[in-house]
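Hi there,

I am passing a structure on to you, along with some notes on what turned up in it. Have a look at it first, and then read on.

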Amino acid sequence: MRTARRYLAREIYRSCAVVLLALLGLFTFFALVDDLDNVGDKFSMLALLYMQALALPTRLYDLLPIGLLIGAVLALAGLAQRNELVILRVSGVSGMRLLGMLWIVTIPLVIGATLLSEFVTPAAEIKSGEASLMFRGKASGARMDSGYWFKEPTRDNGTRIINIAKLLANGNVEGVTLYEFEPGLTLASLSTAANGTFTEDKLVLHDVTETHLDKEAAQALANAKPPARPPAEVTKLPQRELDTTLSASRLMARVLTPERMSVSTLLDYIDYLHHNQLDASRQVVALWRKVAYPFTLFVMITIAAPISFMQTRRGGVGAKVFIGILLGVGFFMLNQLALNVGMLSRWPAWLTALGPNLGAVLIALGALSLMEYRHVTSRLIQTRWPWRKTPV
């Protein structure tokens, strides 16, 4: 069986490699054509090619399940058409045993996908963000027109809101604005800084302008009486050290979409959001989806497995292959749709990530069992209802 498993692996890997190369080339070409309008003096053609090269690991990560499905379907259909799977069946390999062999073949792809997800893709995304900042002056991610916003508690049980206008490629920031509130959510001070640098657990701000509001200013204005002291006091500082839970890595994590982060970065960012009482549902769902991603590869190979049982002597192999690919692509689209539906409907994160996978693998296993024991089912029907016609 080791020889048969190696032969299956070689056929499936070869077919998947061809399909993935074709899909990567196609999507990269479309992305290049779409970005050609942005080429100019600041954004050269070489920079465009560099950014597309950085996008290849992420694109490969996204296309791997579809590539595995199409490649496995084509490989198994070719083996079935050449009657090589019939030889395996005659030698005593059952349908479930063949499925187990396919799962073993998928394990190296799962290991490669995990390494790609944990190390290569996050690093490439960060480099892509830095390149976008360098060449375009902007970065994709959770950015509003007014910049990036962060919220965290202060040591005196107050609240601090940080607005950052621009992220630099080295992880530093420009255009920092601090809104510091007292425990009653009363604005205590407003500070602006030209730029900032992260050092361990501190944010060092440069060229700082602080505006401190007097505690009695609001009451004096409400009573329409002139305050005894100036309502605001402005001071300028060359430098200010700010104790913060932010860091350069967490700042870059805000730029990345949650699905592009590694598991360790996601866990750290979720802890940061929970510590600051911020919504982390999007990140929790992304964490579950990253955990479920290897299972998606097993689902894809399970969907492809029933192709090995089709009767090629009747013809219609191309139609059956097309139907298998269509079902797999439909599942992949449903899996992506489940993310948005689950977020809107506030489903549990594990259900959003694992629900489509569990449903698809149960259906695929049911189809595989039905095709495996179709002759037993036909004899049972003929015994109980002999007047009914059964398929040959």
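Below are the findings, beginning with the sheet and moving on to a helix and some aromatic rings. Please keep in mind that this is a predicted model.

**The sheet**

Six strands form an open sheet in the order E1-E2-E3-E4-E5-E6, and their pairing is antiparallel. At the edges stand strand E1 (148–153) and strand E6 (232–243); each has a single partner strand, so one side of each is left without a neighbour in the sheet. From one strand to the next, the twist averages 20°.

If you want to look at one pairing in detail, try strand E2 (residues 159–167) and strand E3 (residues 173–181): they run antiparallel and are joined by eight bridges. Within that pairing, Ile162 has Leu178 in E3 as its bridge partner.

Which helix packs on the sheet, touching E1, E2, E3 and strand E4 (187–199)? That is helix H6 (residues 248–255), whose direction makes about 135° with that of E1.

**Helix H8**

Helix H8 (residues 281–304) has 24 residues, and at 1.5 Å a residue these should span 34 Å. Its end C-alpha atoms are 33 Å apart, which agrees with that expectation. Even so, there is a kink in H8: a bend of about 40° lies at Tyr293, shortly before the proline Pro294. The helix is also mostly covered, with 17 of its 24 residues buried.

**The aromatic pairs**

You will find four aromatic pairs in the structure, and here are two of them.

One of them joins Phe29 and Phe30: the ring centres are 6.1 Å apart and the planes stand at 50°, so this pair is tilted. As for their surroundings, Phe29 counts as partly exposed because its relative accessibility is 49%, and Phe30, at 48%, also counts as partly exposed.

Another brings us back to the residue at the kink. The rings of Tyr61 and Tyr293 have their centres 4.3 Å apart and their planes at 20°, so the pair is stacked. Where in the chain do Tyr61 and Tyr293 sit? Tyr61 is in helix H2 (residues 45–81) and Tyr293 is in helix H8, 232 residues apart, so to speak a link between distant parts of the chain. Are these two tyrosines, Tyr61 and Tyr293, buried or exposed? Both are buried.

Tyr293 is therefore a good place to start browsing: it carries the stacked ring contact with Tyr61 and marks the kink in H8.

Happy exploring, and best wishes!

Technical notes
Residues numbered from 1 in each chain as written. Predicted model: local features only at pLDDT ≥ 70, side-chain atom pairs only at ≥ 80, totals over all residues. Heavy atoms only, no water. Pairing = 2+ DSSP bridges. Helix = DSSP H or I, 4+ residues; strand = E, 2+ residues; numbered from the N terminus. Axes fitted to C-alpha atoms, helices over the stretch in contact; angles between N-to-C directions. Contact = heavy atoms within 4.5 Å. Expected span 1.5 Å × (residues − 1). Bend = angle between axes of the 7 residues up to and from the residue. Buried < 20%, exposed > 50% of the residue type's maximum accessible area, 1.4 Å probe, protein only. Phe/Tyr/Trp six-rings, centres within 6.5 Å; stacked < 30°, edge-to-face > 60°.
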